[in-house]
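Biologist: I am new to this structure and would like a close look at one part of it. Please take a single sheet, go through it strand by strand, and then place it beside some other points along the chain.

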Amino acid sequence: MSELSPALLQVMWNRLLAVVEEQGQTLIRAAFSPIVRECGDISAGIFDVRGRMLAQAVTGTPGHINTMAEAVKTLRGCFPLQTMKPGDIYVTNDPWIASGHLNDFLLMMPVFKGGRVVALISCTSHLVDLGGLGMGPEGSDIYDEGLLIPPCRLLEEGHVNGLLLEIIKANSREPIANEGDLYALIACCEAGAERLLRMMEDFGLDDLEGLADHIIETSRSGTLQAIAALPEGVYRNVLKADGYETELELHASLTIRKEGLHLDFAGTSPCSKKGINVPLNYATAYSVFALRCVLAPDIPNNAGSLEPFSVSAPPGCILNAEHPAPVAMRHTLGQMTPDLVFGCLHQAAPELVPAEGASCMYDLPLRHTADSARNGGQRFALELVHNGGTGARPYADGLSATAYPSGVFGSQVEVSESVAPVVIWRRELLTDSGGAGSYRGGLGQRIEMTSASGEPFLVFLSVERLRNPALGRAGGLPGSPGRIRVEGRDADIPGKCELRVEGHERLIFETPGGGGFGPPKGRDPAQLRRDLEQGLVSREACQTVYEVQP
């Protein structure tokens, strides 16, 4: 590779990025579950033989992608290269190896050329149901939450492990969807391997070693240059979260040095008895993603650009849950770590960091009730995903109903209604829900739904920012908190519980708005008038909050 020009190396790098994107799209097209094919809850990547991530699909979530970057190293350690055979594919859903909870399955496939392994292909996606108590926070340990698959072969020399597949199907309320999604994951690996080999043939490559070194060194160097522009020091922040039994505190200490950044979660509240605990691999994935968004957004995500970041946490704190803690809803707090670390980074680079946002996606797993199933009602398991507003930026408004940091698109109304007996009557942006400021926070949304069949259904709630809204920065005001209720009931529904909605009842949930940036009086009056015309702010807010006559 030493004789190849930088231009040709860049062309090959770009080709790798195209390969992984096609790999990811193969998974989405082939998937059965709406959360995969409609919402993009996946990851896909190419790794060298040492287990270093070289490229990842842009489509996907940080919780899948950045955990996959480390999980492949673990699987490679479980299955030495000399034992691998063409057509082998390995699998696990161990939360402490893969992506933080049981519903995410991670696959790894060796790519052979000339009789030897030249690369590893990996992908992850969400399976809708793995038995147990399912996707909800009510489990008391990992064994309550469903079926755990340790690292093992899903395919051996191209032949599917039929017994493993039958076990996975037998432990699910959606066996057909699970089988289809597993075959979609297999197709994703095979598509990535085929396209990678074609790329190597096109460029006359027998291995990826020289290209891998170029990608990783270039990315590491660029990331370190971005870090070097920050003032060295230690910056601390505390973020309050609603929690389950009681309010929680998430603590972060960010140490900035020229040679890299280290994040420590010491001081964070201990684990909950319920399934909102976060394995450290997942907390690391989202917090490092947030830092890279601000510091090196133009550098592709790979082993080189991830290397300058390290994360630690005391064992047993809620951001470093240890086996067998319940972790089914680990995203509830794991996706709040970007706002936690932004609070640190804001002290070092206030011109770069947005206000707090809704953070945790409003993930609403639904399924039939036992009595409905006994009476002949439709059996189903469905996971709806909706999002709140992002925080305002130092130079622009926040984004409304946008998936940050998860990257998981909101569920489509028509698709949801086609696969489960529910009717979604309303989905609209919430006026005034974005925090006021010179730049306004993104708006949350209101969704109303009922049973389509008249039968009751269950909702497994685990969401944040009902009591602790997204805070503004630099004089910006907080966004509106979220709210969940059932029409006709006196009290609002808590953010974490198992909720039964009767066939005649209407579920109403409102997602939080993002915080504002800068004092409200600094907002451009012309922009405020446009907001009023579009229904984003009310006439009353113009007068009382912004102090502008509409």
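Modeller: What follows starts with one sheet and then turns to a helix, a loop, the cysteines and a few backbone details. The model is predicted.

The sheet is open and has 4 strands, in the order β14-β15-β19-β17, with antiparallel pairing. Its edge strands are β14 (residues 422–429) and β17, each of which pairs on one side only. Averaged over neighbouring strands of this sheet, the turn of one against the next is 15°, with direction ignored. In general, strands of a sheet pair through backbone hydrogen bonds, either parallel or antiparallel.

Strand β19 is a good place to begin, as the sheet order puts β19 between β15 and β17. β19 covers residues 506–510 and is mostly covered, with 4 of its 5 residues buried.

On one side, β19 runs antiparallel to β15 (residues 445–451), and 5 bridges join the two strands. Two positions help to locate this pairing in the view. R446 stands opposite E510 of β19, while M449 has L507 of β19 as its bridge partner. On the other side is β17 (residues 483–486), which is joined to β19 by 4 bridges and is also antiparallel to it. Here R485 has I508 of β19 as its bridge partner.

T450 is a residue of strand β15 and shows how this part of the sheet is packed. T450 has a relative accessibility of 10%, so it counts as buried; the cut-off for buried is under 20%. The side chain of T450 makes a polar contact of 2.8 Å with the side chain of W425. Neighbours within four places in sequence aside, the contacts of T450 are P421, V422, V423, W425, F457, E505 and R506. Of these contacts, R506 belongs to β19, which starts at that residue, and W425 falls within the range of β14.

The loop before β17 has a backbone detail of its own. A474 lies in the loop between β16 (457–462) and β17, and A474 has a positive phi of about 55° although it is not a glycine.

Now to the start of the chain. Helix α1 has 25 residues and spans 37 Å from first C-alpha to last, close to the 36 Å expected at 1.5 Å a residue. Its buried residues are L9, M12, W13, L16, V19, V20, Q23, G24, T26, L27 and I28. They pack against α2, β1 (42–47), β2 (53–56), β5 (116–126), α5 (175–203) and α6 (209–228).

S33 sits in the loop between α1 (6–30) and α2 (34–37). With 2% relative accessibility, S33 counts as buried. Its side chain is joined to that of D181 by a polar contact of 2.4 Å. Beyond its neighbours within four places in sequence, S33 is in contact with V128, A177 and D181.

The cysteines need some care. A disulfide is a covalent bond between the sulfur atoms of two cysteines. The whole structure has 0 disulfides. C189 has its closest cysteine sulfur in C123, at 3.6 Å, which is too far for a bond, because the sulfur atoms of a disulfide must be within 2.5 Å. For C344 the closest cysteine sulfur is that of C317, 14 Å away, and this too is too far for a bond. C189, at 0% relative accessibility, counts as buried, and C344 is likewise buried at 0%.

Some backbone details complete the tour. The peptide bond between H323 and P324 is cis, with omega about 10°; P324 is in the loop between β11 (309–312) and α9 (331–334). Y404 and P405 are also joined by a cis peptide bond, with omega about 10°, and P405 lies in the loop between β13 (381–386) and α12 (413–419). S359 has a positive phi of about 65° although it is not a glycine. S359 is located in the loop between α10 (337–348) and β12 (362–368), and at 7% relative accessibility it counts as buried.

How values were computed: Residues numbered from 1 in each chain as written. Predicted model: local features only at pLDDT ≥ 70, side-chain atom pairs only at ≥ 80, totals over all residues. Heavy atoms only, no water. Buried < 20%, exposed > 50% of the residue type's maximum accessible area, 1.4 Å probe, protein only. Polar contact = N/O pair within 3.5 Å; in protein donor to acceptor, adjacent residues only side chain to side chain. Contact = heavy atoms within 4.5 Å. Pairing = 2+ DSSP bridges. Expected span 1.5 Å × (residues − 1). Axes fitted to C-alpha atoms, helices over the stretch in contact; angles between N-to-C directions.
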